[in-house]
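The following exercises concern helix packing, salt bridges and backbone geometry. Each task is followed by a solution that proceeds step by step.

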Amino acid sequence: MDIAANLKKIKEELGKATLVAVSKTKPKEDIQAAYDAGQRVFGENKAREMEGKAEALPDDIQWHMIGHLQSNKVKYIAPFVSLIHSVDKLKLLKEINKRAKQNERVIDVLLQIHIAKEESKFGMDEEEVRELLQSDTYKQFKNIRVVGLMGMATLTEHQDQIKSEFNYLNSLFQQIKKEYFSEEESFKILSMGMSGDYKIALSCGSTMVRIGSAIFGEREYH
Ligand SMILES: *Cc1c(COP(=O)(O)O)cnc(C)c1O
């Protein structure tokens, strides 16, 4: 795998969108290679794995948690995580707020929306997001900042299906922004698009893509 070449090619296609290089399961050497090619934002899906990599790798890396996060794992990443993409419950947000406070920081998060046909994927529906944003509990959180939405499209060959899911997420993002964050400029991240569908995501208004295998090669799970 020529990580630097892959990065270069993808970056040319992104325009203003931010690239999260998804390094889950990959060794530190691969991350270092991407870092040496100029990449600073990396995505992981396991708290302990991210913690270990963050300790071993340069300090100016921005670590994004992109995978499903259990409340009892938040403490491992709270001191340093730069953005959590996968908030799907008030309970999780409460724990992130608590751990952020202990670390005397404010943690940026995205709310994950379920847009795919697959039941297995995580995320809230439209009603659940609104319920969360309107709750008094949420309004009291001082140590988290909601800066946008995240979603994963159905894994399918049907481009039209993917496109309609991304378009739906973009329209929900615009509505939520208007209704709840019109005063907050920081609410501006729409995280959608992976190796197989990032071009469609970009055409549907994505501002942040999460790309793993197209940079680092296929993952092996043991
Ligand atoms: C693994 C993963 C990605 C990257 O997937 P690729 O197909 O390898 O680009 C993106 N987002 C999430 C949430 C992931 O878990």
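**Exercise 1. A salt bridge within helix α1**

Task: Determine how the side chains of K8 and E12 meet, and whether K8 and E12 are buried or exposed.

Solution. The model is a predicted one. Step 1: the side chains of K8 and E12 form a salt bridge, with an N to O distance of 3.5 Å. Step 2: both residues belong to helix α1 (residues 3-14), where they lie four residues apart, about one turn of the helix. Step 3: K8 is exposed, and E12 is exposed as well.

**Exercise 2. Salt bridges of K53 and R99**

Task: Identify the salt-bridge partner of K53 and that of R99, and classify each of the four residues as buried or exposed.

Solution. Step 1: side chains of opposite charge can pair when their charged atoms come close. Step 2: K53 pairs with E44 in a salt bridge whose closest N and O atoms are 2.9 Å apart. Step 3: residues count as buried under 20% relative accessible area. K53 has 6% and is therefore buried; E44 has 0% and is therefore buried. Step 4: R99 forms a salt bridge with E95 (2.7 Å, N to O). Step 5: R99 and E95 are four residues apart in helix α5 (residues 90-102), so about one helical turn separates them. Step 6: R99, at 18% relative accessibility, is buried, and E95, with a relative accessible area of 14%, is buried.

**Exercise 3. Salt bridges in total, and a network**

Task: State how many salt bridges the structure holds, and which residues K9 is linked with in a network.

Solution. Step 1: the structure holds 12 salt bridges. Step 2: K9 is linked with E13 and K199 in a network of salt bridges.

**Exercise 4. The packing of α6 against α8**

Task: Classify the orientation of helix α6 relative to helix α8 from the angle at which they pack, then describe the residues of their contact.

Solution. Step 1: helix α6 (residues 126-134) packs with helix α8 (residues 159-180) at an angle of about 20 degrees, and their axes are 12 Å apart. Step 2: angles under 35 degrees count as roughly parallel, so α6 is roughly parallel to α8. Step 3: the crossing of α6 and α8 is right-handed. Step 4: α6 contributes E126, V129, R130, L133 and Q134 to the contact, while α8 contributes Y168, L172, Q175, I176, E179 and Y180. Step 5: the contact residues comprise six nonpolar, two polar and three charged.

**Exercise 5. Positive phi values outside glycine**

Task: Locate T25 and E104, and give the phi value of T25 and of E104.

Solution. Step 1: T25 is not a glycine, yet its phi is positive, at about 70 degrees. Step 2: T25 is placed in the loop between β1 (18-22) and α2 (28-36). Step 3: with a relative accessible area of 33%, T25 is partly exposed. Step 4: E104, a residue other than glycine, has a positive phi near 50 degrees. Step 5: E104 is found in the loop between α5 and β5 (107-114). Step 6: at 75% relative accessibility, E104 counts as exposed.

**Exercise 6. The surroundings of N170**

Task: Determine whether N170 is buried or exposed, and which residues N170 contacts when neighbours within four places in sequence are left aside.

Solution. Step 1: N170 lies in helix α8. Step 2: the relative accessible area of N170 is 17%, so N170 is buried. Step 3: with its neighbours within four places in sequence left aside, N170 is in contact with L190, M192, C204 and G205.

How values were computed. Residues numbered from 1 in each chain as written. Predicted model: local features only at pLDDT ≥ 70, side-chain atom pairs only at ≥ 80, totals over all residues. Heavy atoms only, no water. Axes fitted to C-alpha atoms, helices over the stretch in contact; angles between N-to-C directions. Helix = DSSP H or I, 4+ residues; strand = E, 2+ residues; numbered from the N terminus. Parallel < 35°, antiparallel > 145°, perpendicular 65-115°, else oblique. Left-handed = near helix turned anticlockwise from the far one by under 90°. Contact = heavy atoms within 4.5 Å. Nonpolar A, V, L, I, M, F, W, Y, C, P; charged D, E, K, R; others polar. Salt bridge = Lys/Arg side-chain N within 4 Å of Asp/Glu carboxyl O. Buried < 20%, exposed > 50% of the residue type's maximum accessible area, 1.4 Å probe, protein only.
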